[in-house]
Amino acid sequence: MLVLVSGPHAQGTIPASPLTLITRDGRRPVPTTLLNGQEFIGLDDLASLFQLTVREDALAGGVTVSYKGRTIVASAEQAMASVNGRVVTLPAPIARAGRRLLVPIDFIPRALAPIYDSPIDLRRASRLLIVGMVRVARVAVRIDAVGPPTRATVEVTPALLVSPALDAGRVLVRVEADALDAAPPPAPAGLIEQIQIGQTTTIAIALNQRAGMARVSTTTTTESTRVTIEVPLAAPAQDTSAAPPPPSTPPPSTAPPQPTPPAAEPSTPLLGAQTARLQTMVLDPGHGGDDTGVRGPKGTLEKQITLDVARRLKTLIETRLGVRIIMTRDEDRGISLDERAAVANNSKADLFLSLHVNGAPSPSLKGTEVYYLRLDRAGEEARRSTAATELVLPAVGGGTRPIDVIPWDLAQAAHVDASSRFASMLEEELEKHGPMGPRPLQQAPMRVLSAANMPAALVEIAYLTNAEQEQSVQSADFQAGLVQAMYDPIVRFRAYLEAAPAP
Ligand SMILES: [Zn+2]
C-alpha cells in the first residue's frame, strides 16, 4: 500500500509566501506550504502548470509523474526519486496534506527539470520559478552614501538596457527584461524615503520632501549596467513670512554638474531616456515559408539556416549587449522585402542586418560576403543632399523636396556612409572566422536594404551550393563562431555611433 504522511502533518502545514512563476506569458503566484521546516509544493499545482500526469502507485509505494513519455517515480518513504531511471535525492519524501500530495520544492530542479522540454530555474533567494527562455535581470540596489547628497546604485546583470525617469518625486528605473530577480532592497536612508522592487520590471526609488532634483548616470560594462543616482538637498526655501514670493524657483540646471565616471555616459538630469545610440536592432532572416531560398545538394534550405543563425545572434546580443532585437520573422513564414524594411522602420530601429546564404552555379564557390546598398542615380542625389543639414530629394520636374516625403525605397540614401562602415566592420571580423567569398565586401542595389531608414547591411554567410559549406553551416560550432564574428562588429559599430556627433 502507499504509505503517505497524513493526519498530524496535514494539520501542521503552514502556508509559505508563494513562489512567483515567470514564463514568457507573464507571471503568477504558486502557493507553497511549510511542513516540518521543509517547503513543499502541491503536486496537483505542478501537474496543471507543467502538463504532468500524476498516478499513485500502490504496488511501488510511491507516485509516478509522467511528462511526454518520461517518468519520475517518487517514493513516499524515502527522500529520493527515480528520474528516467536515474536516482536523485530530495530533502524529504512525498507528503500528504488532506487529499493533496505534496513534494519538496527541490523536486522541481532535481526531478522535474531534467525531463522537461524547457529550462526550469528555481531561484530560492528571490523566490522565482523561471520557465523557458525568459530574460531575467538580477538587480541589486544599494545606498552608497547617506549624505546629503544621498548616493545610490542600481546594478543590473547582465548588461541590459535601462530607462531612468523621474515621476512625482520618484526615480524610476525601467529594465528591458521579462522579469527582475532582485535581492531585498536596503532600508531607506538620507533623502531616499522608500525603495520598491515590485512585480514589474521597474525599480521605484521614492525621495522625501527635502530632496532636490536627482541626477542619474548610466555605465555599461560587458557584465552589467550600473545606474548611479545622486540626490542633493532641495535649494533652500525662501522665508515664507517674507512677501512677495520669489519670482521663480531656481532652474535645476543651476545644480553643479556631477563628475562623470570614466567610460560612463554623461550624467544627465532626469526626464529623458538614456543616450545609447544603439537601442534597437532588427535581424532579418532571409526567405521563409514557400520561399525557401537556395537549396543545397543534400537538401539544406537557406530559409532554415538564416533563421537558426538569427536566433543565435539574437540571444547573444540580448544577453550580452542589452540591445533590443526585433526579428522580421521568428518562424517559417514568408514575408516581402518591403515588409521587412517596414518592420525596421516602424520600430525605429538603429541598425538592420539581413542574413542570407548564397548559391552559385559553380559548386566550387564558397565563403562569406557582405553587402551594403549601391544607390542608383536618384539615390545618389539624395545622398549628396544629406551633406547639407536636412535630407532633401530631387523632385519630379526639378527642385528638391524635404525629408518627410522621402519614399521608403530611397530611405537608405541617408545612411549609406554608416552602412558602409558597418559592412566593413562585418567583413573584417568575419574574415577572422572563416573563408571569405570571391568579393568579400560589395555594394549592390538590394531592395531589402534600400527601404531601410537606418544603417543596414546584408551577410551571405556561405555558399549552400558548395557541398563542404552545406555541411558546415548546419554545425553548431560553425554557427556559434559565425554569430560571434557578427556580434563583435555590432559592438564596434555601437561604439562608432556613440562617438559620432549628435544628430
Ligand atoms: Zn537569400
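**Notebook: a buried threonine, a zinc site and the core around helix 10**

I began with threonine 64, which has a relative accessible area of 7% and is therefore buried, and I note at the outset that the model is predicted. Threonine 64 belongs to strand 5, residues 62–67. Setting aside neighbours within four places in sequence, I found threonine 64 in contact with Thr53, Val54, Arg55, Asp57, Thr71, Ile72 and Val73.

Next I looked up the zinc ion, whose coordinating atoms are NE2 of His287, OE of Glu302 and ND1 of His356, at 2.1 to 2.2 Å. Along the sequence I read the spacing of these donor residues as H-x14-E-x53-H. Histidine 287 sits in the loop between strand 23 (280–285) and helix 4 (302–320), whereas histidine 356 is in strand 25 (residues 351–358), so the pair ties together parts that lie 69 residues apart in sequence. I also checked accessibility: histidine 287 has a relative value of 17%, and because buried means under 20%, histidine 287 counts as buried. Histidine 356, at 11% relative accessibility, counts as buried too.

I then turned to the sheet that includes strand 25, an open one of six strands in the order 24-23-25-30-26-29 with mixed pairing. Its edge strands are strand 24 (324–327) and strand 29 (436–444), each of which pairs on one side only. Within this sheet I noted that strand 26 (residues 368–373) pairs with strand 30 in the antiparallel sense, over three bridges, and that tyrosine 371 has leucine 458 of strand 30 as its bridge partner. Helix 7 lies across strand 25, strand 26, strand 29 and strand 30, and runs at about 175 degrees to strand 26.

For the interior, I looked at the largest nonpolar core, where Leu353 and Met486 touch the most other members out of 61 residues. Helix 10 is the element that gives the most to this core, with nine residues. Apart from neighbours within four places in sequence, the contacts of leucine 353 include Met281, Leu283, Leu313, Phe422, Leu458 and Met486. A second, separate core has 33 residues, among them Leu46, Val63, Tyr116 and Leu122.

Lastly I checked helix 10 (residues 476–499) for length: at 1.5 Å a residue its 24 residues should span 34 Å, and the end C-alpha atoms are 35 Å apart, which agrees. Its buried residues include Phe478, Leu482, Met486, Ile490 and Phe493. I recorded that the buried residues of helix 10 pack against strand 23, helix 4, strand 25, helix 7 (416–433), strand 30 (456–463) and helix 9 (467–473).

Methods:
Residues are numbered from 1 along each chain as its sequence is written. This is a predicted model: local features need pLDDT of at least 70, side-chain atom pairs count only at pLDDT 80 or more; totals for chains, interfaces and linings use all residues. Side-chain values use heavy atoms; hydrogens and water are left out. Donors are N, O and S atoms within 2.8 Å of the metal (3.2 Å for Na, K and Ca); water is not among the atoms, so sites may look incomplete. Helices (H or I, at least four residues) and strands (E, at least two) are DSSP runs, numbered from the N terminus. Buried means under 20% relative accessible area, exposed over 50%, partly exposed in between (1.4 Å probe, protein chains only). The expected span of a helix is 1.5 Å times one less than its number of residues. Contact means heavy atoms within 4.5 Å. A nonpolar core is a set of buried Ala, Val, Leu, Ile, Met, Phe, Trp, Tyr and Cys residues joined through side-chain atoms within 4.5 Å. Two strands pair if DSSP finds at least two bridges between them. Axes are lines fitted to C-alpha atoms, for helices over the stretch in contact, and angles run from 0 to 180 degrees between N-to-C directions.
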